[in-house]
Amino acid sequence: MRVGRPWSVAGIVAGGATLVLLAPAAPSVAQAPTTTKPLPLERLFDNRAVGDDTAPGTADFDGAGNSLSAQDLRAAGWTPGRAIALDAARLIWPRGAGSRPDNVIADGQSVELRGHGDALTLLVASSSPDGPGAGASGTGRIRYQDGSSGTYTLSAPDWRAGPAATKAVGLPHLNTADGQRAEAARLYAVTVPLRGDRQVASVTLPKDPGPGADLHVFAASLRQPARGWTGSWAASTAGYTKVGPWTDQTLRLVVHTSAGGPGARVRLENTFAAAPVEIGHATVALQAEAGGAAASGTPVPLTFRGRAGASIPAGAQVFSDPVNFPVPADANLLVSIHLPGPVAAVPVHTQATQRSFLSAPGSGDRTGEAGADAYTGTLTTWPFLTGVDVRGGPGSVVALGDSITDGTKSTTDANRRWPDVLARRLRAQSGVSGVPAYGVVNSGISANRVVTDVYPGDGVSTVTSGVSARSRLERDVLAQTSARTVVIFQGINDLRWGTSAEDVIAGLKDLAARAHARGLRVVGGTITPCEGESLCTADADARRSVVNAFIRDNGGVFDAVLDFDAVVRDPGHPSRILPAYDSGDHLHPGDAGLKAMADAIPLRSLATG
């Protein structure tokens with residue numbers, strides 16, 4: 001550890017970082033004294049991590065003369081002073097990156113950070129002068145305007161050895177005193193839970209963690225709650241795949257709403273990417289009654305911070321500005337995106353179970369056209385688009401799962417996934433049951449696992465199973481718009497591929513604890529049977545029974561349990577799906593089975609109040 005360096009805050013990264021639980025805020029008694037006046041983060045910067053490739057000796061990130069490449073960062077769209085939106089937080093990449101100190105090494109400094117938020121997001125990485133390390137950890141304190149405070153713990157991954165699955169941005173090189181080396185370098189966005197009913201006054205960074213490691217903080221931001229918005233539709237990024245390249249073409253993506261409202265905004269993400277993507281224009285419209293690529297009326301233009309288009313840096317996201325566009329519940333929308341291109345790879349949700357459309361190469365910006373003639377190609381994926389929010393509403397239920405939640409084997413274009421059916425029930429019964437008509441957003445990914453990153457989180461790949469639920473929880477659940485409740489229904493793919501019941505249970509406990517720390521209601525779903533599918537061996541089923549026994553008798557890990565296993569199993573052969581509910585592959589319920597699952601959910605089990 002280098003002497004005299006300040007240290008950073010934050011908490012939940014997921015796969016490569018330790019869970020951060022914020023201690024309950026305490027009254028202003030017996031509190032640790034504030035030894036220094038809080039200062040803006042940039043005034044605390046004491047380390048230069050970014051250097052120009054032509055002068056690598058001007059920066060020293062790790063105490064061994066190694067640094068990040070300014071050219072690589074620019075190529076990723078991370079230019080000095082640029083706002084980078086990550087997991088619904090807006091961070092500013094240091095204005096002096098590449099020319100002066102651009103981060104602080106945490107050692108108990110007090111950072112001036114004022115305002116309300118539902119989480120604190122920090123851009124961090126750890127380093128070691130001895131080479132790739134194991135990361136760094138420490139405890140800090142958040143102080144509130146009312147005099148109360150709470151502690152938090154952060155474990156941040158190493159910039160060279162940390163996991164790709166949870167990175168904010170990955171770079172292909174690092175600079176050394178002897179020149180550039182082809183070795184991955186990474187930075188991470190981490191979050192700390194906050195007391196949303198209190199105003200933050202300052203953040204004290206953890207103390208020096210000791211010899212052999214430094215923790216660097218580049219940016220910090222209070223993540224604002226999405227008041228006045230409800231998540232109506234979402235899709236989780238499952239991988240980063242080769243396309244086209246798409247050049248001067250328009251995507252027309254079909255998505256199905258759960259909640260309705262008088263206005264809308266969309267979320268586009270460049271997850272897992274190595275380079276920025278240019279969005280020329282975008283529009284939203286209702287799909288015509290006849291379906292297909294035709295709109296019902298002229299599509300409504302979307303803007304991004306007042307501009308017609310946007311450039312999304314590698315790993316980042318962008319929300320459109322709010323638009324006065326009435327969105328019906330249970331309706332198909334067309335979100336059209338012009339890509340000037342060329343675009344050779346895209347972040348994508350592969351199992352859409354929904355046909356979308358694509359114009360021909362070189363056909364230009366067709367976002368404003370109501371007709372379908374320009375859209376000569378079809379897609380069965382959702383590239384870039386990850387969310388549609390509507391004005392008003394009570395917030396959302398997030399369904400975190402795998403292919404069964406994703407709707408694999410349900411009828412294409414019919415919106416018969418179990419979260420779709422649940423959304424209809426909530427709307428129909430909200431006045432009777434007393435449960436709000438929550439939006440329901442689908443964070444299922446086909447072939448996804450709880451504890452294993454099948455897709456590593458970096459690079460163009462044909463693998464689209466996503467990073468693990470633990471690695472994606474922040475992006476796909478905790479950062480979802482006005483999330484109130486999460487249903488965790490996952491684990492069969494871990495078991496089919498040999499993961500122990502104990503590891504799956506530990507993963508489920510981790511997911512639940514992190515969601516609880518952020519104030520969500522957490523509902524667990526038992527794992528459904530799959531005997532007859534090639535990987536569903538007797539041993540896998542025995543491990544499934546162990547996990548289900550834990551879910552049913554979880555000792556308070558979950559706030560409620562949905563016994564999906566009991567709903568779809570064959571009473572005469574409980575290791576199999578009931579034939580009437582089986583899609584035919586013995587793993588996925590068909591339309592009838594998915595409806596039975598949604599219909600069996602006690603709606604009050606989802607309510608937070």
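Reader: Which residues of α5 meet which residues of α7?

Author: In this predicted model, Ala469, Arg470, Leu473, Glu474 and Leu478 in α5 meet Gly507, Asp510, Leu511, Arg514 and Ala515 in α7. By class, that contact holds five nonpolar, one polar and four charged residues.

Reader: What makes α5 and α7 roughly parallel to each other?

Author: Their axes cross at roughly 30° and come within 10 Å. Angles under 35 degrees count as roughly parallel, and α5 and α7 therefore earn that description. As for the hand, α5 passes α7 in a right-handed crossing.

Reader: Why is helix α5 called mostly covered?

Author: Buried means under 20% relative accessible area, and nine of the 10 residues of α5 (469–478) are buried. Those buried residues are Ala469, Ser471, Arg472, Leu473, Glu474, Arg475, Asp476, Val477 and Leu478.

Reader: Let's turn to α7 and α8. How do you know that α7 and α8 are roughly parallel?

Author: The same kind of check works here. The axes of α7 (residues 501–517) and α8 (residues 538–552) cross at roughly 30°. The cut-off for roughly parallel is under 35 degrees, so α7 and α8 are roughly parallel to each other. Their axes come within 9 Å, and α7 passes α8 in a right-handed crossing.

Reader: Which residues make the contact between α7 and α8?

Author: From α7 come Ala501, Val504, Ile505, Leu508 and Lys509, and from α8 come Arg543, Val546, Val547, Phe550 and Ile551. Sorted by class, this contact of α7 with α8 has eight nonpolar, no polar and two charged residues.

Reader: On to a single residue. Why is Val568 counted as buried?

Author: Its relative accessibility is 0%, and buried means under 20%, so Val568 counts as buried. Val568 is found in helix α9 (residues 564–568). Not counting residues up to four places away in sequence, Val568 touches Thr528, Pro529, Arg576, Ile577, Leu578, Tyr581, Gly593 and Met597. Val568 and Leu594 are 26 residues apart in sequence, with 8.7 Å between their C-alpha atoms.

Reader: Thr528 is in that list of contacts. Is Thr528 itself buried or exposed?

Author: Thr528 has a relative accessible area of 2%. Set against the limit of under 20%, that value makes Thr528 buried. Thr528 lies in the loop between β34 (521–525) and α8. Beyond residues up to four places away in sequence, Thr528 touches Ile404, Phe489, Ile492, Arg544, Phe564, Asp565 and Val568.

Reader: And Thr237: what makes Thr237 count as buried?

Author: At 5% relative accessibility, Thr237 falls within the range for buried, under 20%, so Thr237 counts as buried. Thr237 sits in the loop between β16 (229–234) and β17 (239–246). Leaving aside neighbours within four places in sequence, Thr237 is in contact with Thr271, Phe272, Pro347, Val348, Thr386 and Ile445.

Reader: Val348 is among those contacts, so I'd like to hear about strand β26. How do you know that β26 is paired with β17?

Author: Two strands pair if there are at least two bridges between them. Five bridges join β17 to β26, and these strands run antiparallel. One of the links puts Lys242 opposite its bridge partner Ala345 in β26.

Reader: What makes β26 and β29 a pair?

Author: Here there are two bridges, and at least two are needed. β26 and β29 (residues 382–383) therefore pair, in the antiparallel sense. Val348 has Pro383 as its bridge partner in β29.

Reader: Why is β26 called mostly covered?

Author: Six of the seven residues in β26 (343–349) are buried, with under 20% as the mark for buried.

Reader: Finally, the open sheet. Why do β22 and β28 stand at the edges?

Author: The sheet has six strands in the order β22-β21-β25-β18-β27-β28, with antiparallel pairing. β22 (300–302) and β28 (377–379) each have a single partner strand, so one side of each is left without a neighbour in the sheet. Neighbouring strands are turned by 25° against each other on average, direction ignored.

Reader: How do you know that β21 is a partner of β22?

Author: Three bridges connect β21 (residues 281–286) and β22 in the antiparallel sense, against a requirement of at least two. In one of these, Thr283 has Pro301 of β22 as its bridge partner.

Methods: Residues numbered from 1 in each chain as written. Predicted model: local features only at pLDDT ≥ 70, side-chain atom pairs only at ≥ 80, totals over all residues. Heavy atoms only, no water. Axes fitted to C-alpha atoms, helices over the stretch in contact; angles between N-to-C directions. Helix = DSSP H or I, 4+ residues; strand = E, 2+ residues; numbered from the N terminus. Parallel < 35°, antiparallel > 145°, perpendicular 65-115°, else oblique. Left-handed = near helix turned anticlockwise from the far one by under 90°. Contact = heavy atoms within 4.5 Å. Nonpolar A, V, L, I, M, F, W, Y, C, P; charged D, E, K, R; others polar. Buried < 20%, exposed > 50% of the residue type's maximum accessible area, 1.4 Å probe, protein only.
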